[in-house]
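Me: I am new to reading protein models. Can we go through one in short steps?

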Amino acid sequence: MRIAFAADDSNECVEAVRAHLDQHHEVVTYEGGWPVMSRRVAEAVVAGDADYGVLMCWTGTGTAIAANKVPGARAATVADAWTARGARLWNDANVVALSLKRLAPDVAVECVTAFLSEPVPDPDEAANIALLG
């Protein structure tokens, strides 16, 4: 898979996620302040230049809000693998946003792995997902 990735800071958590992505996927990195990088990742996903996006900022919240300003982007802030998987499965999220300050590196990697493990949303949720626009 081709993954659009951006983080507004660097630490052990970011390095772990990036190493995991590099090992398993083709990664395109975007830079800039969190609003700019988030928009660029979301635009890449919506345009089809990337299959999914992974964003990391201090809380994960700002990047998700900024990404969701792009029509067609569906960014979800997650803090555990169950929620990450559910964001794909039940909400058809195409961008995952993570806190680089509050997650342990192994948990962040688990979140990304769970998010990317669901190639298609649950067909029983199609009507609900359609309401999202």
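**Helices, a cap and buried residues**

Reply: Gladly. One point before the questions: this is a predicted model.

Me: At what angle do H4 and H5 pack, and how far apart are their axes?
Reply: Two packed helices are described by the angle between their axes and the distance between the axes. Here H4 covers residues 81-91 and H5 covers residues 105-116. Their axes are 7 Å apart, and the packing angle is about 25°.

Me: Is H4 roughly parallel or roughly antiparallel to H5?
Reply: The packing angle is about 25°. Angles under 35 degrees count as roughly parallel. Therefore H4 and H5 are roughly parallel.

Me: Which residues of H5 does H4 meet?
Reply: The H4 side supplies Ala 81, Ala 84, Arg 85 and Arg 88. By class, this contact of H4 with H5 has five nonpolar, three charged and no polar residues. The partners in H5 are Glu 110, Cys 111, Ala 114 and Phe 115.

Me: Is Arg 88 buried or exposed?
Reply: Arg 88 sits in helix H4. Its relative accessible area is 2%. Buried means under 20%, so Arg 88 is buried.

Me: Which residue's backbone oxygen does the side chain of Arg 88 reach?
Reply: Set aside residues up to four places away in sequence, and Arg 88 touches Tyr 52, Ala 93, Phe 115, Glu 118, Pro 119, Val 120 and Pro 121. The side chain of Arg 88 also comes to 3.2 Å from one backbone oxygen. That oxygen belongs to Pro 119.

Me: What do the buried residues of H4 pack against?
Reply: The buried residues of H4 are Ala 84, Gly 86, Ala 87, Arg 88 and Leu 89. They pack against two strands and a helix. These are strand S3 (52-57), strand S4 (75-77) and H5.

Me: Which residue caps the N-terminal end of H4?
Reply: Look for a side-chain oxygen and the backbone nitrogen of Trp 82. The two atoms lie 3.1 Å apart. The residue that gives the oxygen, and caps H4, is Asp 80.

Me: What is the phi of Asp 92?
Reply: Asp 92 comes just after H4, in the loop between H4 and strand S5 (95-99). Asp 92 is buried, with a relative accessible area of 17%. Most residues other than glycine have a negative phi. Asp 92 has a positive phi, near 55°.

Me: At what angle do H1 and H5 cross?
Reply: Helix H1 spans residues 12-24. The axes of H1 and H5 come within 8 Å. The crossing is right-handed, and its angle is roughly 35°.

Me: How many nonpolar residues are in the contact of H1 with H5?
Reply: H1 brings Glu 12, Cys 13, Ala 16, Val 17, His 20 and Leu 21. H5 brings Pro 105, Ala 108, Val 109, Val 112, Thr 113 and Leu 116. Two of the residues in this contact are polar and one is charged. The nonpolar count is nine.

Me: What is the relative accessible area of Ala 6?
Reply: Ala 6 is found in strand S1 (residues 2-7). Beyond its neighbours within four places in sequence, Ala 6 is in contact with Tyr 30, Met 37, Val 41, Val 54, Leu 55 and Met 56. Ala 6 is buried, and its relative accessible area is 0%.

Terms used:
Residues numbered from 1 in each chain as written. Predicted model: local features only at pLDDT ≥ 70, side-chain atom pairs only at ≥ 80, totals over all residues. Heavy atoms only, no water. Axes fitted to C-alpha atoms, helices over the stretch in contact; angles between N-to-C directions. Helix = DSSP H or I, 4+ residues; strand = E, 2+ residues; numbered from the N terminus. Parallel < 35°, antiparallel > 145°, perpendicular 65-115°, else oblique. Contact = heavy atoms within 4.5 Å. Nonpolar A, V, L, I, M, F, W, Y, C, P; charged D, E, K, R; others polar. Buried < 20%, exposed > 50% of the residue type's maximum accessible area, 1.4 Å probe, protein only. Polar contact = N/O pair within 3.5 Å; in protein donor to acceptor, adjacent residues only side chain to side chain. Left-handed = near helix turned anticlockwise from the far one by under 90°.
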